[in-house]
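Work through the two exercises below with the model at hand, and try each task before reading its solution.

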Amino acid sequence: TSFGYKEVREEEKSQMVGNVFTSVASNYDLMNDLMSGGLHRLWKDRLVSKLNPFPGMKHLDVAGGTGDVAFRILESINSVKRRALQDSPEDNLLEETQIFVCDINPNMLNVGKKRAQERGLAEDRALVWVEGDAEALNFEDNSMDGYTIAFGIRNVTHIEKALAEAYRVLKRGGRFLCLELSHVEVPIFKELYDLYSFSVIPAVGEQVAGDRESYQYLVESIRRFPPQEKFAAMIADAGFQKVEYENLVGGVVAIHSGLKF
Ligand code: SAM
């Protein structure tokens, strides 16, 4: 048949990812805090500080459903603005900031929109919520100053396509940043981490979210994700320059970055 093994696997993967996030959307924040001991907040802060957001920027946060990264970028831009206005009140920062939050799953976007409301950001014109696929972005070539993807690329079916799309939509000089669960290389810590991820995470998933399978899937997807060096090479293959990565907590997560020249 024309349905090769690989294709079937890929279709399964997309479906699985859809189901996983529909099922976890409502417990998402609690689970993140529980599983990372609250550390995901610091990791996202680090991601945004590497982005160096500025007023008037056009930014795309992919797989950003819950708005976690977008809210941080907006806060950072607002504090830059406040400082600039203090220094020279006659400056009018008219350039319109736009932060697009793109996610394939409408349930996750709804979680994000609700949180925006709770934070009093519902009316903020800078935030734009878009349903879309990282592999086929509905944005123009050379239109973005920045691109972030946090805990998202691991779930994308064809990582190369997502990277090619990131490259396409970025302007020259635009920055690509990816925060992802990665690979621990430190002996002993690695064994402890394996124990934690294979026993504790599915058990907590079952107890708290009533869904062992989805969390089992998350753990397996971390395993399958390319190691730091290999992923860096894929980013370079997509055309990015100055590709680097920073390990946090010994590689539990890594932030990869690249520039489009
Ligand atoms: N970035 C958020 C954060 O760090 O809290 C959410 C991360 S969540 C683990 C992964 C997100 O990726 C989900 O919201 C899921 O719907 C989204 N996703 C999965 N595949 C995607 C794709 N191909 N394109 C866009 N989003 C995708």
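Two exercises follow, one on the ligand site and one on a helix.

This is a predicted model, in which local features need pLDDT of at least 70 and side-chain atom pairs count only at pLDDT 80 or more, while totals for chains, interfaces and linings use all residues. Residues are numbered from 1 along each chain as its sequence is written, and side-chain values use heavy atoms, with hydrogens and water left out.

**Exercise 1.** Describe the surroundings of the ligand and its polar contacts.

*Solution.* Begin with the shell: 18 residues surround the ligand, each with a heavy atom within 4 Å of it, and the closest are Ala63, Asp103, Asp133, Ala134 and Ala150. Next, look for polar contacts (pairs of N or O atoms within 3.5 Å). A polar side-chain atom of Lys44 lies 3.0 Å from a ligand oxygen, a polar side-chain atom of Thr66 lies 3.4 Å from an oxygen of the ligand, and a polar backbone atom of Ala150 is 2.9 Å from a ligand nitrogen. Finally, consider the area (Shrake-Rupley method, 1.4 Å probe): taken alone the ligand exposes 600 Å², of which the protein buries 96%.

**Exercise 2.** Determine how burial is arranged around helix α5 (residues 106-118).

*Solution.* First list the buried residues (under 20% relative accessible area, 1.4 Å probe, protein chains only), which in α5 are Met108, Leu109, Val111, Gly112, Arg115 and Ala116. These lie on the same side of α5 because they cover an arc of only 155 degrees around the axis, taken from the directions from the helix axis to the C-beta atoms. Then turn to the other side of α5, where Lys114, Gln117 and Glu118 are exposed, that is, over 50%.

Conventions. A polar contact is a pair of N or O atoms within 3.5 Å; within protein, one must be able to donate a hydrogen and the other to accept it, and residues adjacent in sequence count only if both atoms are side-chain atoms. Helices (H or I, at least four residues) and strands (E, at least two) are DSSP runs, numbered from the N terminus.
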